Amino acid sequence: MPLLRTNKQIVKDGAVTTSVVTSGLLQPYQAKKFLRQTFDATPLMGAIRHETRTERKGEIDKIGVGRRLLRRKVENTDDGYRAKPNFGSIEYSCNPVRLPWEITEDTLRENIEGEDLETTITNLMTTQIGVDSEDLIINGDEATSSENPDYDFLKLDDGVIKQVSTGGHILDVTGSSNMELEMFYKAVASIPNKYNNGKLRWLMSPTRAQQWELFLLNKVINAGGAVPEALYKSPVAIPSMQVPNLADDIVILIDPKNITEVNTYTVKIRKDATSKDAIMQDKRFYVVHFDLDTLIEELDATAIIKGLPAYTFS
């Protein structure tokens, strides 16, 4: 009789497999390795901050220092001055989420990959968890209308758009006939200088990024002159990141490390191939359970441009 695989064998070589997994509560280091796979799913997921906690609710510490702390040195004198760090915290509350799927035994038997198909699909699902996590981090809104076709997904958490729209700096350009460079300058000007430190990034959809390039090209063609090449990818000397899950009419200005995804170590990869339903339907059932929450540490360091017009092609 074959031996059941250990949790150590379940997560190995950067790939998650489900063979012979029945209840599958991963050890903390295994959970972290699984989550790391989801972080690699998109460029933004790799750029933001990730925190893993044991409890679903709690606080994440914030530590910083002030400015203009230096003082004159006087030989053989201690004037009693001491600089002190600033301590704070931000609360998190993770929401439990899951991704279930199933595979029929006929599919496993008839597919050219055979039993390896199980691992292939599991790795695809792991990647999709990362893509969906980014989507939720950007677009989640717990106040989503139940009439929205994506209600069951979007209601899971409040994402970056929701948080920046309620606590960050907003530039609404609804009614504008076209994009303008001034929009970017106004967004940057709305953020205090102390946050404009070279770490800010423009988050925009690939379509918006491409239409911005086309807008600048047409300026050159129609008005003559030249546009600095850096301006295509870095408006106002701030690099841009393409985020496919972002709507075309929105651009967000933020330091990616200002976005924190909080997960817990309570990651479960479960499989059922022996229950009555599995036997009667001749299929295998799988589900991944995990927890997440999205935080923005400094809302004052964020800006959002809303209502951007679609590019009008001639």
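**Note on the predicted model: charges, strands and aromatic rings**

1. The structure holds 16 salt bridges. It should be kept in mind throughout that this is a predicted model. The points below take up several of the charged pairs, then a loop threonine, a strand pairing, and the aromatic rings.

2. Glu51 takes part in two of the salt bridges discussed here. Its side chain meets that of Arg49, with an N to O distance of 3.0 Å, and it also meets the side chain of Arg53, again with 3.0 Å from N to O. The three residues can be placed by their accessibility. Glu51 counts as buried because its relative accessibility is 16%, which is under the 20% limit. Arg49, at 22%, counts as partly exposed, and Arg53, at 24%, likewise counts as partly exposed. Through shared partners, salt bridges join Arg49, Glu51, Arg53 and Glu297 into one network.

3. A further salt bridge links Asp78 with Arg82, where the closest N and O atoms are 3.0 Å apart. Both Asp78 and Arg82 are exposed. Another charged group deserves mention here: the charged end of Arg71 sits over the ring of Tyr81, at 4.4 Å from the ring centre.

4. Thr302 belongs to the loop between strand S13 (283-296) and strand S14 (303-306). Is this loop residue buried or exposed? With a relative accessibility of 0%, Thr302 counts as buried. A polar atom of the Thr302 side chain lies 2.7 Å from the backbone oxygen of Leu299. Once neighbours within four places in sequence are set aside, the residues in contact with Thr302 are Val164, Gly168, His169, Ile191, Leu253, Ile254, Asn258 and Ile296.

5. Strand S12 (residues 268-272) shows an alternation of its side chains. On one face, Ile269 and Lys271 are buried, whereas Lys268, Arg270 and Asp272 point to the other face and are not buried. The reviewer may wish to note that a lysine, Lys271, is on the buried face together with Ile269. S12 pairs with S13 in the antiparallel sense, over 5 bridges. Within that pairing, Lys268 has His289 of S13 as its bridge partner.

6. The count of aromatic pairs comes to 4. One of them is formed by Phe184 and Trp202, which are edge-to-face, with 4.8 Å from centre to centre and 80° between the planes. Phe184 lies in helix H8 (residues 181-189) and Trp202 in strand S8 (residues 201-204), so this pair ties together parts that are 18 residues apart in sequence. Phe184, at 1% relative accessibility, counts as buried, as does Trp202 at 0%.

7. Trp212 and Phe215 make up a further pair. Their ring centres are 5.6 Å apart and their planes meet at 25°, so the pair is stacked; the limit for this class is under 30 degrees. The two residues are 3 apart in helix H9 (residues 206-223), which means that about one helical turn separates them. Trp212 and Phe215 are both buried.

8. What do the four rings of the two preceding points form? Phe184, Trp202, Trp212 and Phe215 make up one aromatic cluster. Its members include Phe184 of helix H8 and Trp202 of strand S8, as well as Trp212 and Phe215 of helix H9.

Key:
Residues are numbered from 1 along each chain as its sequence is written. This is a predicted model: local features need pLDDT of at least 70, side-chain atom pairs count only at pLDDT 80 or more; totals for chains, interfaces and linings use all residues. Side-chain values use heavy atoms; hydrogens and water are left out. A salt bridge is a side-chain nitrogen of Lys or Arg within 4 Å of a carboxyl oxygen of Asp or Glu. Buried means under 20% relative accessible area, exposed over 50%, partly exposed in between (1.4 Å probe, protein chains only). Helices (H or I, at least four residues) and strands (E, at least two) are DSSP runs, numbered from the N terminus. A polar contact is a pair of N or O atoms within 3.5 Å; within protein, one must be able to donate a hydrogen and the other to accept it, and residues adjacent in sequence count only if both atoms are side-chain atoms. Contact means heavy atoms within 4.5 Å. Two strands pair if DSSP finds at least two bridges between them. Rings of Phe, Tyr and Trp (its six-membered ring) pair if their centres lie within 6.5 Å; planes under 30 degrees apart count as stacked, over 60 as edge-to-face and the rest as tilted. A charge sits over a ring if NZ of Lys or CZ of Arg is within 6 Å of the ring centre and within 35 degrees of the ring normal.
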